[in-house]
Amino acid sequence: MGEPGGSPLFLPPPSAGRNAIFPAMSAPTADSRFAEIESHRTYLVRYALAQLRDAQLAEEAVQEALLAALESIGSFDGRSSLRTWLTSILRFKVIDLQRRAARERTHTSIDEDTAAAEDDSWVDDFFDETGHWRSPPQSWNDPESALEQRRFWEAFEKCLAGLPAAAGRVFFRREVMGDDTSTICAAEKITDSNCWVILHRARVALRTCLDQTWFGRAASDGR
Amino acid sequence: MAADDDVDCRKASRLLSLACERPLGSPELRALRRHLDACLMCRNFEKQLDFMRKAARAYGRGK
């Protein structure tokens, strides 16, 4: 992602109006700011995608957030990291788009969403009729060391993306963003107990996925 | 012989997840503890919940 002008980003190339955007900065500083902002793009798209579950909407949110960031770069005081600052801007854009999407969503899909959230039959995928684990949790060997491995994060991300839509959204807000359940329930327009069911599902599914794609494999090939 | 508060793995996993959201009541907690004492798989799940929370927070910080 080195050369800002060559990236797929909507940002204007450095030659086109850079000084208008960063009037107070010398050219090299503006260039490095471009590159620095651009370097967070992948993370920001991931974040938006986890929230919005729609590639086009996620792209839209990130573009709007980056535009807003460029306009107000002067107010970035460096007290938080650039990524944190960009994410806080994106968060508002995502909420905007979520509201818009919720308004535009048909009644059918809201009903389907709710039905899927309340439906308890998913547990049958993970527990047999006597209530036992179908795939019993084995001990994970040195999970802490996984946190240092890039490929673990790829697996983690894939597992998150593989969660059912509502489960993925709620889990992301609860565990990745650290929001409390009542805030999430209100945003999702569901009851607390519904939220708990969804989180239970997300956790069991995520555990199973990590077991299959990372820890189980790690045990078998001695990694 | 199965008491009302008998907990199987399915229910134990639900209570363990619930405990991440709100404090469990003492009957729930007692029943869960009894199950965990006897069930290594659910103790593994309990540890995995901790780890997944830790991993998710790290992911959010941009790992």
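Is A:Ala48 buried or exposed, and how many C-beta neighbours does A:Ala48 have inside 10 Å? A:Ala48 counts as buried, because 27 C-beta neighbours lie inside 10 Å, where a residue is called buried if 20 or more other C-beta atoms lie within 10 Å of its own, exposed if 12 or fewer, and partly exposed in between, with the C-beta atoms placed from the backbone.

The structure is a predicted model, in which local features need pLDDT of at least 70 and side-chain atom pairs count only at pLDDT 80 or more, while totals for chains, interfaces and linings use all residues. Residues are numbered from 1 along each chain as its sequence is written, and chains are lettered from A and ligands numbered from 1 in the order in which they are written.

**The two chains**

Chain A holds 12 helices and 0 strands, and chain B holds 3 helices and 0 strands; here helices (H or I, at least four residues) and strands (E, at least two) are DSSP runs, numbered from the N terminus. Of the 223 residues of chain A, 30% count as buried, and for the 63 residues of chain B the figure is 33%. Two residues are taken to be in contact if their C-beta atoms, placed from the backbone, lie within 7 Å. Among the contacts of chain A between residues at least 6 apart in sequence, 66% join residues at least 24 apart, and in chain B residues 24 or more positions apart account for 57% of the contacts with a separation of 6 or more.

**The surroundings of A:Ala48**

A:Ala48 is part of helix α3 of chain A, in which A:Leu44, A:Tyr47, A:Leu49, A:Ala50, A:Gln51 and A:Leu52 are also among the buried residues. Leaving aside neighbours within four places in sequence, A:Ala48 is in contact with A:Ala58, A:Ala61, A:Val62, A:Leu90 and A:Val94. Of these partners, A:Leu90 is 42 residues away from A:Ala48 in sequence, and the two C-alpha atoms are 7.6 Å apart in space. Just after α3(A) comes A:Arg53, whose phi is positive, near 55°.

Helix α4 of chain A has A:Ala58, A:Ala61, A:Val62, A:Ala65, A:Leu66 and A:Ala69 as its buried residues. These residues cover an arc of only 130° around the axis, which puts them on the same side of α4(A), the arc being that of the directions from the helix axis to the C-beta atoms. The face of α4(A) turned away from this buried side carries the exposed residues A:Gln56 and A:Glu71.

The table sets the two helices against their expected spans, each being 1.5 Å times one less than the number of residues.

| Helix | Residues | Expected span | Distance between end C-alpha atoms |
|---|---|---|---|
| α3(A) | 41–52 (12 residues) | 16 Å | 16 Å |
| α4(A) | 55–71 (17 residues) | 24 Å | 24 Å |

**The largest nonpolar core**

A nonpolar core is a set of buried Ala, Val, Leu, Ile, Met, Phe, Trp, Tyr and Cys residues joined through C-beta atoms within 7 Å. The largest such core has 61 residues, of which A:Ala48, A:Ala65, A:Leu90, A:Val170 and A:Ala202 touch the most other members. Helix α12 (residues 192–220) of chain A supplies the largest share of this core, 11 residues. Domain 1 (4–104) and domain 2 (107–220) of chain A both give residues to the core, so it lies between them; the domain bounds come from an automatic or database domain assignment.

**Positive phi in two loops**

A:Asp142, in the loop between α7 (123–126) and α8 (143–146) of chain A, has a positive phi near 45° although it is a residue other than glycine. With 8 C-beta neighbours inside 10 Å, A:Asp142 counts as exposed. A:Lys189, which is likewise not a glycine, has a positive phi of about 55° and is found in the loop between α11 (181–188) and α12 of chain A. A:Lys189 counts as exposed, because it has 11 C-beta neighbours inside 10 Å.

**The contact between the chains**

The contact takes 25 residues from chain B and 29 residues from chain A. On the side of chain B that touches chain A, the elements that give two or more residues are α1 (9–18) and α3 (40–60) of chain B, and α3(B) gives the largest share, 14 residues. The residues of this side divide into 11 nonpolar, 6 polar and 8 charged, where Ala, Val, Leu, Ile, Met, Phe, Trp, Tyr, Cys and Pro count as nonpolar, Asp, Glu, Lys and Arg as charged, and the others, Gly among them, as polar.
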